[in-house]
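Please work through the following exercises with the sequence and the structure at hand. Each task is followed by a solution in steps.

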Amino acid sequence: MRDPESLATAEPIYARLAEELSELIGNGQLRPGERLPSVRRLSSQKRVSATTAIAALRSLESRGLAEARPQSGYFVRAAALRVEEPAMTRPSAAAKAVGIDNVMVRLLDASLDPGIAPLGTALPDPAWFPAQRMRRAVAAALRRNPELLSACNHHYAGREALRHHNPPRYADLGCAVAPDEAVVTNGCTEALNLALRAVTVPGDAVAVESPCYYSFLQIVQKQGLKALEVATHPRDGLSVDALEAALGSRAGRSVKVCLINPNFSNPMGGAMPEAEKRRLVQLCERRGVVLIEDDVYADLQHAGPRPLPAKAYDRRGNVILCSSFTKTLAPGARIGWVFGGRYAEEIRLRKFAASGATSAVLQEALAEILRSGGYERHLLKLRRAYAEQVARMSAAVREYFPAGTRITQPAGGFVVWVELPGKADSLALYEKAIGEGVNFAPGPLFSASGRYRNFLRLNCGRMWTPVIERALLRLGQLAECRQ
Ligand SMILES: Cc1ncc(COP(=O)(O)O)c(C=O)c1O
């Protein structure tokens, strides 16, 4: 009998069919306003039942990609591709000390309150993950090794089983990473901390995307570093031209590291074209700048193949790759990793000094789940769920937010970056929204220099419910009032 929670559960036929159609919409073969194939045609062409064809069309409708017209069938939604995006960013040319603690603490505290709609922190819904399967994996790990909790855990670089899991996956993506280069960490956050500490001294500057993930800025601040924000495109990610210019400027002289999300950056969701990743790796190498790549969202593309990490273009060990299972398999386990390239030994020593080993039970439990197979199929389902969430939330923003609102169209991950029109102030909006039980991440959190006051980031990772829809409606109304 099939375990309903098994990671290996097969993908339903209707979902595969919906995916095929959504790819045709995504690549423009089916254009906005065009009629989708009828139920009868779909079922005869694809040899599926009428019920399956209807389910596929409804799934497209719920993702905001299609609309049903009475007596006429399903059509590609006109709004599906006609979305105004924010423009390329134009950050300040100077490296800045960072100060965003206050807003961040409020955002995190609010995310712990079950009475507040969870549009703030970028965390997925627990329901996307196989809780029973995890419970059994923890029990199995302890059965296999009853001393996991009672014996000392000296494996400060990580358990063998987990250290060996990632290299073959990365090898398939063209990355030469070896198990002895890996350190298992407490989430990606520890990996980023260790990587930065290994290659900087206080006072150095770190080039980051603008806007960038607020924890990058926090870590930079807490390590006594400065952030140099670099122009970033909402779809194509960090501008390598802008980075090159920045490194050649006076402010760029103190830049020792470039710290970015090349695939599905947080908060804009952009992914760098492959040729740009190659240029970035070569530029960093030439300028003596270490590239720290945060890869946490890269497995979460909404369609097509998984994009390559920048590490795939690294020939000299100058790219440090950091990631975790937080967005993909077990958000609560806090298991991450770092492949340190030529800084691997330094990072390993720093891990020991910083926090000793990472939880042995949780590493073994995750290794157990990965060994038992089905991870790739679990990822397929998760990608579809995130794609659907992003489409629904984006459709709601278009419907409920003031005219002139712009929104990114990420091709992966589960956050969207929203630009409010006019002189909107997302910090003032935050005060009102939080008072009405709606959390979100105000734009200035994502900048070292207080930019993006008229922007906000929305988490789309939580299951679509009437509560989420009401929260978006209210947020849209409050944003309207501020114009
Ligand atoms: C870009 C990015 N990196 C790292 C993290 C944190 O990863 P972890 O929870 O594994 O420490 C997040 C979480 O939102 C993120 O968005």
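Two strands pair if DSSP finds at least two bridges between them. Helices (H or I, at least four residues) and strands (E, at least two) are DSSP runs, numbered from the N terminus. Residues are numbered from 1 along each chain as its sequence is written. The model is predicted: local features need pLDDT of at least 70, side-chain atom pairs count only at pLDDT 80 or more, and totals for chains, interfaces and linings use all residues.

**Exercise 1.** Determine which residue of β16 is the bridge partner of Ala441, and place the two strands in their sheet.

*Solution.* Step 1: the bridge partner of Ala441 in β16 is Arg457. Step 2: β15 and strand β16 (residues 455-459) run antiparallel and are joined by two bridges. Step 3: the open sheet consists of four strands in the order β12-β13-β16-β15, with antiparallel pairing. Step 4: β12 (406-407) and β15 (441-442) each have a single partner strand and stand at the edges, so one side of each lacks a neighbour in the sheet.

**Exercise 2.** Describe the surroundings of strand β6 and state how the chain reaches it from β5.

*Solution.* Step 1: in strand β6 (residues 226-233), six of the eight residues are buried, where buried means that 20 or more other C-beta atoms, placed from the backbone, lie within 10 Å of the residue's own. Step 2: strand β5 (residues 205-210) runs parallel to β6, and six bridges join them. Ala205 has Lys226 as its bridge partner in β6. Step 3: from β5 the chain passes through helix α10 (residues 214-222) to β6 in a right-handed β-α-β crossover; right-handed means that, with the strands pointing away from the viewer, the path from the first strand over the helix to the second runs clockwise. Step 4: on leaving β6, a hairpin of three residues leads to β7. Strand β7 (residues 237-238) pairs with β6 in the antiparallel sense over two bridges, and Gly237 in β7 is the bridge partner of His233.

**Exercise 3.** Which helix gives the largest share of the shell around the ligand?

*Solution.* Step 1: the residues around the ligand, those with a C-beta atom, placed from the backbone, within 6 Å of it, include Gly187, Cys188, Tyr213, Asp294 and Gly336. Step 2: helix α9 (residues 187-199) gives the largest share, three residues.

**Exercise 4.** Give the domains of the protein.

*Solution.* Step 1: the protein is divided into domain 1 (13-81), domain 2 (101-127 + 377-481) and domain 3 (129-371), with bounds from an automatic or database domain assignment. Step 2: the C-alpha centres of domain 1 and domain 3 are 38 Å apart.

Note on methods. A residue is buried if 20 or more other C-beta atoms lie within 10 Å of its own, exposed if 12 or fewer, and partly exposed in between; C-beta atoms are placed from the backbone.
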